[in-house]
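Here is a short report on one protein model. It covers strands and sheets, nonpolar cores, salt bridges and one long separation.

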Amino acid sequence: MAFHLPGHRVWDFWLATDGPEHHLFFLHAPETADPDERHQMARIGHAVSTDLRDWELLPRPLSDSPIGAADDRATWTGSTVRAHDGRWHLFYTGVSSAEDGRVQRVLSAVSDDLRSWERTDVVVEADPVHYEAWQPGVDDADQVDEVHWRDPWVHWDADAGVWRMYVTARVHDGAPDGRGTIAMATSPDLERWTVHGPVTEPGEFRQMEVSQLLPADDGWVLLFCHGPGDNSAARLDRGEPPEGGQHAYVGDSPAGPFRPAGDSLFVRGDPPPLYACRAVEHDGRSWLLGWPMVDAGGAFLGGISDPFPLQVGRYGASLATAPDQPAPSEPSYGPAP
């Protein structure tokens, strides 16, 4: 049964697994909000399941921040990892009212049980050496329209002995419609972070969203998504597919670089049937869940799909069953938060 939250629009999400439980963290906004304005009202929801189909709704992991905080406007997509000391760390995107939601930052919270969370003072920001970033002291008219620094995915690289964070970002040079990339930052302890250059080659997309790193045979696969309107003119001029959807790039190391292996777009469409997909291990194999963006008539369809079998290999990823567009179904969880 697909996940839908009555009275709310649901879209991007991520998962954390603790024993038999899969914890779902998802973005939601009131259904009364204009779909195009939902991002400025987004909050993070929380649910749990043992089968990826039937979900129990839990309280929101984060309360609303006070005015003046870096996330007092909205909280967006992130990832959740367990540190070596057993504590859980939730990394998420925050935007503030002071900057009219124009500057995205990665923020953090911690928990002992995945249910009760406390914000930390960890902040990871775009480094202007490599990326479009907010420039203190620069006139507003000369700033970028929006600092892309969101959707953090955090992974422990055992071989290198560091945590790696992959972030949606934009480089500060090149054609504006091709500056989208996946940035990387590293940390020894999930608190002190150093921002590095991109792990994907810019030039293809305006933005590359909701990344996730997966092991595959002798290499690694980096998932990300983009909309049909995010293809650069240079990419389209080469005859690349004009659709949007879910990509799988490959690399030899978690440090990158990551590159397409043939046609990397394995969930595609205009609009894609599923967007912002996430892979998860369950019952001895890999599965893919996604957000069905719109219904057959093009209306916003907020929710999260049932899982599809996923195959991951050194040349990318594929679905054993093609996704359709799940229709809303009766909820199998408690009342809306």
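Contact here means heavy atoms within 4.5 Å. The model is predicted.

**L90 and the nonpolar cores**

Start with L90. Leaving aside neighbours within four places in sequence, L90 is in contact with W14, P61, L62, S79, T80, L107, S108, A109 and W117. L90 also belongs to the largest nonpolar core, which has 26 residues. Which members of this core touch the most other members? They are F25, I44, L62, L90 and W117. Several strands contribute. β1, β2, β5, β6, β7 (105–111) and β17 (275–282) each supply at least two residues of this core. The largest share comes from β6, with four residues.

There is a second, separate core. It holds 23 residues, among them V124, W149, W163 and V167.

**The β5–β6 hairpin and T93**

Strand β5 covers residues 74–82. Of its nine residues, eight are buried, so the strand is mostly covered, burial being under 20% relative accessible area. Strands β5 and β6 run antiparallel and are joined by eight bridges. In this pairing, T75 stands opposite G94 in β6. Five residues lie between the two strands of the hairpin. There, G86 takes a positive phi near 95 degrees.

T93 sits in strand β6 (residues 88–95). Is T93 buried or exposed? Its relative accessible area is 0%, under the 20% limit, so T93 counts as buried. The T93 side chain has a polar partner: one of its polar atoms lies 2.9 Å from the backbone oxygen of T77. Not counting residues up to four places away in sequence, T93 touches A74, T75, W76, T77, Q104, R105, W149, R150, D151 and P152. One of these, W149, is a member of the second core.

**The four-stranded sheet**

In general, strands of a sheet pair through backbone hydrogen bonds, either parallel or antiparallel. One open sheet in this model has four strands in the order β1-β2-β3-β4, and the pairing is antiparallel. Its edge strands are β1 (8–18) and β4 (56–58), each of which pairs on one side only. From one strand to the next, the twist averages 30 degrees.

Inside this sheet, strand β2 (residues 21–30) and strand β3 (residues 43–49) run antiparallel and are joined by seven bridges. H23 stands opposite V48 in β3.

**Salt bridges**

How many salt bridges does a search of the whole structure find? The search finds 23. Three of them are set out below, each with the distance between the closest N and O atoms.

| Basic residue | Acidic residue | Closest N–O distance |
|---|---|---|
| R53 | D306 | 3.4 Å |
| R235 | E204 | 2.9 Å |
| R268 | D263 | 2.7 Å |

Take R53 and D306, which form a salt bridge. R53 lies in the loop between β3 and β4, and D306 lies in the loop between β18 (285–291) and β19 (308–313), so the pair ties together parts that are 253 residues apart in sequence. R53 has 34% relative accessibility and therefore counts as partly exposed. D306 has 21% and also counts as partly exposed.

Next come R235 and E204, another salt bridge. This pair links distant parts of the chain, 31 residues apart. R235 is in helix α1 (residues 233–237), while E204 is in the loop between β12 (194–196) and β13 (209–216). Why do both count as buried? The cut-off is under 20% relative accessible area. R235 is at 5%, so R235 is buried. E204 is at 16%, so E204 is buried too. The pair belongs to a network of salt bridges that links E204, R235, R238 and E240.

The third pair is R268 with D263. R268 has a relative accessible area of 32% and is partly exposed.

**One long separation**

D295 is found in the loop between β18 and β19. That loop also holds D306. At 32% relative accessibility, D295 counts as partly exposed. How far apart are the C-alpha atoms of D295 and P136? They are separated by 43 Å, with the two positions 159 residues apart along the chain counted as their spacing.

Notes
Residues numbered from 1 in each chain as written. Predicted model: local features only at pLDDT ≥ 70, side-chain atom pairs only at ≥ 80, totals over all residues. Heavy atoms only, no water. Buried < 20%, exposed > 50% of the residue type's maximum accessible area, 1.4 Å probe, protein only. Polar contact = N/O pair within 3.5 Å; in protein donor to acceptor, adjacent residues only side chain to side chain. Pairing = 2+ DSSP bridges. Axes fitted to C-alpha atoms, helices over the stretch in contact; angles between N-to-C directions. Core = buried A, V, L, I, M, F, W, Y, C linked by side-chain atoms within 4.5 Å. Salt bridge = Lys/Arg side-chain N within 4 Å of Asp/Glu carboxyl O.
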